[in-house]
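Thanks for sending this one over. Here are my notes, point by point, to read with the structure open beside you.

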Amino acid sequence: MGWRSVIITQHAKLTYSMQMMIVQTRDGINQIPIEDIKLLLVSTTQAVITSALISKLAQNQTKIIFVDEKDNPVVETAVYYPGARNIAKLKEQFNWDEHLKELLWTKIVSQKIKNQIAVLENYHLAKDDVQNELDQLEINDESNREAIAARKYFMLLFDKNFVRRDTSAVNAALDYGYAILLSSFNREIVMNGYLTYFGIHHYSQENQFNLASDLMEPFRPFVDYWVKAHEKIKELTPDIKYGLVELLSLEIKFNGKSTLLTNAITVYTRECLKFLSGERKELPEMEMSLTNEVPNNALNDNV
């Protein structure tokens, strides 16, 4: 399984040769083993990639993300036939028990709000309004505490005039970070043999990643925490993008153990899917906290 995040930031030609990704730029030629690559972010519209390389990366279960002319993630690859997928698992997914879905969604919302509270505490901000929403959480979040808490949370984290859907640089950074998280969850879902279309709470016919949108919710606050530290940004610069991708390598505490965020996503996704499919009788544990400072703009590989 791959472990490296590779980001292409300049005019480049990406080809395949002998289990290697060959990256040709004006600065020279780099070779990266295919098996090492977990995520390839083509963060420029000036790159050319061959179908042979795409095919080999797909076989390696590597997620490839492409951006538009504004450098925003716009499309990602999804493997048609991963080795783990079989008809039995798809039948399971189509028939997931409604009560199990409700229980898991309740747990997801609870942990998301707890992590939002932790972010506020880290920045010594008031948390009582968000805590109040957590205290009122019901099974399946019938009263939509998740949305109410989020609205209060963002106003406390940034300022009372903050609007989540405006075109500010802060919102652009949040969206970019969430897109990277979403891709990571999509990859794990597919690798476990399930479809990303069918969620446990999100049901939009226009969203082909409903399940990933559900499972990623408790991890969003890690992006929020990083963006808060850079809230004075004026635009979504390459350094900001690098830092958001590098969040996948952030060391966190997950279920009492120190691990990388990307590894926590792998374990957490697998346990959630096992619970929904009846292989796990108890709800998965998902206690998470930061163990060190959020990196500024470190990067695994950028070309």
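The points below go through a sheet, a helix pair, some aromatic contacts and one loop residue.

1. A word before we start: this is a predicted model. Please read each value below as computed from that model.

2. Let's begin with the sheet. It is open and has four strands, in the order β4-β3-β2-β6, with mixed pairing. Residues 28-33 make up β4 and residues 47-49 make up β6; these two stand at the edges with a single partner strand each, so one side of each has no neighbour in the sheet. From one strand to the next, the twist averages 20°.

3. Which strands and which helix does the sheet bring together? Helix α1, residues 51-59, packs on the sheet and touches β2 (12-17), β3 and β6. The direction of α1 makes about 60° with that of β2.

4. The hairpins are worth tracing by eye. Strands β2 and β3 run antiparallel and are joined by five bridges, and S17 has M20 of β3 as its bridge partner. Two residues lie between the strands of this hairpin, and M18 takes a positive phi near 50° there. As a general reminder, strands of a sheet pair through backbone hydrogen bonds, either parallel or antiparallel.

5. The next hairpin is made by β3 and β4, again with two residues between them. Here β3 (residues 20-25) and β4 are antiparallel, with six bridges joining them. You can follow the ladder from T25, whose bridge partner in β4 is G28, to M20, whose partner in β4 is P33. M20 therefore turns up twice, as the partner of P33 and as the partner of S17.

6. Now to the helices. At what angle do α6 and α8 pack? Helix α6 (residues 169-191) and helix α8 (residues 220-228) pack at about 145°, and their axes are 9 Å apart. The crossing is right-handed. On the α6 side the contact involves V170, A173, L174, G177, Y178 and L181, which meet R220, V223, D224 and V227 of α8. Sorted by type, the residues of this contact are seven nonpolar, one polar and two charged.

7. For anyone who likes aromatic rings, a search of the whole structure gives eleven aromatic pairs. One of them is F94 with F198, an edge-to-face pair at 5.1 Å centre to centre and 85° between the planes. This pair links distant parts of the chain, as F94 sits in helix α2 (residues 87-94) and F198 in the loop between α6 and α7 (210-215), 104 residues apart. Is F198 buried or exposed? Its relative accessibility is 40%, so F198 counts as partly exposed.

8. F154 and F158 make a stacked pair, 6.4 Å centre to centre with 5° between the planes. F154 is buried, because its relative accessible area is 10%, under the 20% cut-off. F158 is buried as well, with 11%. Both belong to one aromatic cluster together with Y153 and F162.

9. Finally, have a look at E285, in the loop between α10 (261-276) and β11 (288-290). With a relative accessible area of 42%, E285 is partly exposed. Leaving aside residues up to four places away in sequence, E285 touches K107, F254, N255 and R280. How far is E285 from T237? They are 48 residues apart in sequence and 36 Å apart in space, C-alpha to C-alpha.

How values were computed
Residues are numbered from 1 along each chain as its sequence is written. This is a predicted model: local features need pLDDT of at least 70, side-chain atom pairs count only at pLDDT 80 or more; totals for chains, interfaces and linings use all residues. Side-chain values use heavy atoms; hydrogens and water are left out. Axes are lines fitted to C-alpha atoms, for helices over the stretch in contact, and angles run from 0 to 180 degrees between N-to-C directions. A crossing is left-handed if the near helix is turned anticlockwise from the far one by less than a right angle, and right-handed if clockwise. Contact means heavy atoms within 4.5 Å. Ala, Val, Leu, Ile, Met, Phe, Trp, Tyr, Cys and Pro count as nonpolar, Asp, Glu, Lys and Arg as charged, and the others, Gly among them, as polar. Two strands pair if DSSP finds at least two bridges between them. Rings of Phe, Tyr and Trp (its six-membered ring) pair if their centres lie within 6.5 Å; planes under 30 degrees apart count as stacked, over 60 as edge-to-face and the rest as tilted. Buried means under 20% relative accessible area, exposed over 50%, partly exposed in between (1.4 Å probe, protein chains only).
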